[in-house]
Amino acid sequence: MNKKGFTLMELMAVVIIIGVLYSISMPQYRKVVEKGYFTKAQVMAKSLRDSCDRLVAEWGVDDYSSLPANVKKLSRLDIGSSTLLPSGFTLNVGSNFIQGAGFEYRLSDNCIVTIKKTDGNYAGVTMKYNGDAFYDCDDAGNGACDIYALD
């Protein structure tokens with residue numbers, strides 16, 4: 001009598017092989033996804049920095065802190081309203097920050113953009129952008145700065 005099918009050992013071997021492949025690939029996949037989120041954050045930070053520089057030049061002052069109080073709002077930074085933001089981003093005018101792509105973006109004096117990871121893996125990571133580079137990456141030792149190549 002010929003029986004067709006797989007033995008229990010053959011099925012177990014396949015399950016073990018799939019488990020090993022999964023355990024090897026998932027950390028790499030998470031790093032790629034996290035880098036994608038950070039790329040979105042970089043684009044938004046650069047856009048805010050450029051807008052701040054244009055606003056400072058338009059008013060003819062030395063830096064962002066020298067702007068009149070009624071002008072020092074994110075809503076003045078060539079954004080105007082949340083309808084002009086990229087999809088998935090929101091403008092919180094009252095608290096003066098933009099949130100989206102898992103990050104929060106705040107503007108400080110000298111048009112420095114502070115970025116804080118707000119959700120997902122590595123929530124709480126902060127870094128700054130000065131127009132030239134991202135720096136002061138603080139991830140409490142959890143490895144996110146390495147993933148972002150900022151360490």
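## Exercises on a long helix and its core

I115 touches A41, A45, F103, E104, Y105, V125, T126, M127 and F134, leaving aside residues up to four places away in sequence. Contact means heavy atoms within 4.5 Å. The model is predicted, so local features need pLDDT of at least 70 and side-chain atom pairs count only at pLDDT 80 or more, while totals for chains, interfaces and linings use all residues. Residues are numbered from 1 along each chain as its sequence is written, and side-chain values use heavy atoms, without hydrogens and water.

**Exercise 1. Lay out the chain: which pattern do its helices and strands follow?**

Step 1. Count the elements. The protein chain has two helices and six strands. These are DSSP runs, numbered from the N terminus: helices are H or I with at least four residues, strands are E with at least two.

Step 2. Read along the sequence. The pattern is α-β-β-β-β-β-β-α.

Step 3. Check burial. Of the 151 residues in the protein chain, 30% are buried. Buried means under 20% relative accessible area, exposed over 50%, and partly exposed in between (1.4 Å probe, protein chains only).

**Exercise 2. Place I115 in context: which elements give two or more residues to the largest nonpolar core?**

Step 1. Define the set. A nonpolar core is a set of buried Ala, Val, Leu, Ile, Met, Phe, Trp, Tyr and Cys residues joined through side-chain atoms within 4.5 Å.

Step 2. Find its centre of contacts. The largest nonpolar core has 31 residues. I98, F103, Y105, I115, M127 and Y148 have the most contacts inside this core.

Step 3. List the contributors. They are α1 (8-59), β3 (103-108), β4 (112-117), β5 (126-129), β6 (134-138) and α2 (144-147). Helix α1 gives the most, with eight residues.

**Exercise 3. Follow α1: where does this helix kink?**

Step 1. Test the length. The expected span is 1.5 Å times one less than the number of residues. For the 52 residues of α1 this gives 76 Å, and the end C-alpha atoms are 76 Å apart, so the two values agree.

Step 2. Locate the kink. It lies at S25, shortly before the proline P27, and is about 30 degrees. The bend at a residue is the angle between axes fitted to the seven residues ending there and the seven starting there.

Step 3. Look at the buried side. Buried residues of α1 include M26, F38, A41, A45, L48 and V56. The buried residues of α1 pack against β2 (97-100), β3, β4, β5, β6 and α2.

Step 4. Leave the helix. G60 follows α1 and has a positive phi near 70 degrees.

**Exercise 4. Compare C111 and A140: is each buried or exposed?**

Step 1. Recall the background. Most residues other than glycine have a negative phi.

Step 2. Take C111. Its phi is positive, near 60 degrees. C111 sits in the loop between β3 and β4. With a relative accessible area of 3%, C111 is buried.

Step 3. Take A140. Its phi is also positive, near 55 degrees. A140 lies in the loop between β6 and α2. With a relative accessible area of 75%, A140 is exposed.

**Exercise 5. Describe the hairpin of β5 and β6: how many residues lie between the strands?**

Step 1. Check the pairing. Two strands pair if DSSP finds at least two bridges between them. Three bridges join β5 to β6, and these strands run antiparallel.

Step 2. Pick out a facing pair. T126 stands opposite D138 in β6.

Step 3. Read the turn. Four residues lie between the strands, and G131 in this hairpin takes a positive phi near 100 degrees.
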